Amino acid sequence: MYGASRIRLSTQGRVWAYTIQRFPPKSPPYVPPPEGFRPFAVGYVELPEGIKVEAVLDCEEFTDLDAGSPVSLVATEPVPRFATVSHQGEAV
């Protein structure tokens, strides 16, 4: 990377767009959990810095994910994961 510098990004953002993954992704790399596949949300979170990050979105109900809904970063491995305010108590 030429001329690149690192900046610290916010851990708070807003849902920019999302979709629901209603079928298991191809395996590998996806590894289904022991209790079996459950649909999940994936989308883009817009950070205050103007950057959009693709991430898994944790929520109580998919309807909690209206565009502009506030979310917080709850994990970075193996992929970024954000949670709605109502779901943060259960986030890992």
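The following legends describe close-up views of a predicted model.

Residues are numbered from 1 along each chain as its sequence is written. Because this is a predicted model, local features need pLDDT of at least 70 and side-chain atom pairs count only at pLDDT 80 or more, totals for chains, interfaces and linings use all residues, and side-chain values use heavy atoms, with hydrogens and water left out.

**Figure 1. Overall view of the protein, whose elements run β-β-β-β-β from the N terminus.**
The secondary structure comes to 0 helices and 5 strands. Here helices (H or I, at least four residues) and strands (E, at least two) are DSSP runs, numbered from the N terminus. The C-alpha trace spans about 45 × 30 × 20 Å along its principal axes. Of the 92 residues, 27% count as buried; buried means under 20% relative accessible area, exposed means over 50%, and partly exposed lies in between (1.4 Å probe, protein chains only). The protein exposes about 6700 Å², of which carbon and sulfur atoms supply 56%. This area comes from the Shrake-Rupley method with a 1.4 Å probe, and for residues only the protein chains shown count as cover. Among contacts with a separation of 6 or more, 52% are accounted for by residues 24 or more positions apart, a contact being heavy atoms within 4.5 Å.

**Figure 2. Strand β1 and its antiparallel pairing with β2 and β4.**
Two strands pair if DSSP finds at least two bridges between them. Strand β1 (residues 12–21) is joined to strand β4 (residues 70–75) by 3 bridges, and the two run antiparallel. Within this pairing, Gly-13 has Val-71 of β4 as its bridge partner, and Gln-12 has Ser-72 of β4. With β2, strand β1 pairs in the antiparallel sense over 7 bridges. In that pairing Val-15 stands opposite Val-45 of β2.

**Figure 3. The hairpin that joins β4 to β5.**
The connection between β4 and β5 runs through 5 residues. Strand β5 covers residues 81–84, runs antiparallel to β4 and is joined to β4 by 4 bridges. Val-71 has Thr-84 as its bridge partner in β5, and Val-71 is also the β4 partner of Gly-13. In the loop between β4 and β5 lies Pro-78. A cis peptide bond, with omega about 0°, joins Glu-77 and Pro-78. By way of background, most peptide bonds are trans.

**Figure 4. The largest nonpolar core, with 12 residues.**
A nonpolar core is a set of buried Ala, Val, Leu, Ile, Met, Phe, Trp, Tyr and Cys residues joined through side-chain atoms within 4.5 Å. The members are Val-15, Ile-20, Ala-41, Val-45, Leu-47, Val-53, Ala-55, Leu-57, Cys-59, Leu-65, Val-71 and Phe-82. At least two residues of this core come from each of β1, β2 (40–46) and β3 (52–58). Strand β3 gives the most, with 3 residues. Not counting residues up to four places away in sequence, the core member Ala-41 touches Thr-19, Ile-20, Ala-55, Val-56, Leu-57, Phe-62 and Leu-65.

**Figure 5. The surroundings of Tyr-18 in strand β1.**
Tyr-18 is partly exposed, with a relative accessible area of 34%. Not counting residues up to four places away in sequence, Tyr-18 touches Val-42, Gly-43, Leu-57, Phe-62, Leu-65 and Asp-66. From C-alpha to C-alpha, Tyr-18 and Asp-58 are 11 Å apart in space, although 40 residues apart in sequence.

**Figure 6. Thr-84 in strand β5 and Ser-86 in the segment after β5.**
Thr-84 is buried, with a relative accessible area of 3%, whereas Ser-86 is partly exposed, at 48%. Leaving aside neighbours within four places in sequence, Thr-84 is in contact with Asp-58, Cys-59, Glu-60, Asp-64, Leu-65, Pro-70 and Val-71. On the same basis of leaving aside such neighbours, Ser-86 is in contact with Glu-60 and Asp-64. Ser-86 and Pro-24 are 62 residues apart in sequence and 25 Å apart in space, C-alpha to C-alpha.
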